[in-house]
Amino acid sequence: MADETKSPRVLRRDNGSRASAQAHVMRELEQNAETFSDTLSTGRVVTLREMTAGDLLYLEKSLGKVGDMERSLKLSARLSCGDGRVTYDDLMKLNMKDLKIVTALLGDAGQTDDEGEDEEDYPNE
């Protein structure tokens, strides 16, 4: 019989350590990131962390073929953190007023600090 430790199938089955490492990275991102919070009409607080380059890769690779609304909801669920964490299923149940709140938070989370600097660096002459 072949040695099981050399089989790629056996190596791929141990996803527990990979999932644990990903969870650790996500928690670290939450601790070091700027956060944006708002309250929904139900009184529930939603908090999103700022977006990272990794989140942009997630958008491109994992959500490249889904519609804009689904992409926004899945990214919002990914960026949600702390006591304001929400799931994709939670977001699917929002009314339009609350969806606008989450969409605004998502816009804030995707902003960069250097927006508008081009105008300051190169003033109109």
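Which side chain meets R78 in a salt bridge? In this predicted model, the partner is D55, and the N to O distance is 2.6 Å. That pairing makes a good starting point for a walk through the structure, so keep the 3D view open as we go.

Let's look at where the two partners sit. R78 belongs to helix α4 and D55 to helix α3, so the bridge links distant parts of the chain, 23 residues apart. Their surroundings can be compared through accessibility. D55 has a relative accessible area of 0%, and because buried means under 20%, D55 counts as buried. R78, at 25%, is partly exposed. The pair also belongs to something wider: R49, D55 and R78 are linked in a network of salt bridges. If you select D55 and leave aside its neighbours within four places in sequence, you will find it in contact with R49, E50, L75, R78 and L79.

Helix α4 deserves a closer look. The helix runs over residues 68-79, which gives it 12 residues. From its first C-alpha to its last, α4 reaches 16 Å, close to the 16 Å expected at 1.5 Å a residue. Its buried residues are L73, L75, S76, A77 and L79. What lies over them? The cover on the buried residues of α4 includes β2 (45-49), α3 (53-62), α5 (88-92) and α6 (96-109).

Other residues of α4 are open to the outside to some degree. S72 lies in this helix and is partly exposed, because its relative accessible area is 27%. The C-alpha atom of S72 is separated by 7.6 Å from that of T103, although the two residues are 31 apart along the chain. D68, also in α4, counts as exposed because its relative accessibility is 58%. D68 forms a salt bridge with R71, with the closest N and O atoms 2.7 Å apart. Both residues lie in helix α4, 3 residues apart, about one turn of the helix. An α-helix has 3.6 residues a turn, so residues three or four places apart point the same way.

Now turn to the nonpolar interior. The largest nonpolar core has 18 residues, and those with the most contacts inside it are V46, L48, L79 and L91. The elements giving two or more residues to this core are β2, α4 and α6. Of these, α6 supplies the largest share, 6 residues. L79 ties this part of the story back to the opening one: it is among the buried residues of α4 and is also in contact with D55. For a view from another member of the core, try V46. Not counting residues up to four places away in sequence, V46 touches F36, S37, D38, L40, G84, V86, V102 and L105.

One more charged pair is worth finding. Which residue forms a salt bridge with D90? The partner is R44, and the closest N and O atoms are 3.2 Å apart. D90 is in helix α5, while R44 is in the loop between β1 (35-39) and β2; the two are 46 residues apart, so this pair too links distant parts of the chain. D90 counts as partly exposed because its relative accessibility is 26%, and R44 is likewise partly exposed, at 33%. Side chains of opposite charge can pair when their charged atoms come close. In total, the count comes to 5 salt bridges.

Methods. Residues numbered from 1 in each chain as written. Predicted model: local features only at pLDDT ≥ 70, side-chain atom pairs only at ≥ 80, totals over all residues. Heavy atoms only, no water. Helix = DSSP H or I, 4+ residues; strand = E, 2+ residues; numbered from the N terminus. Expected span 1.5 Å × (residues − 1). Buried < 20%, exposed > 50% of the residue type's maximum accessible area, 1.4 Å probe, protein only. Contact = heavy atoms within 4.5 Å. Core = buried A, V, L, I, M, F, W, Y, C linked by side-chain atoms within 4.5 Å. Salt bridge = Lys/Arg side-chain N within 4 Å of Asp/Glu carboxyl O.
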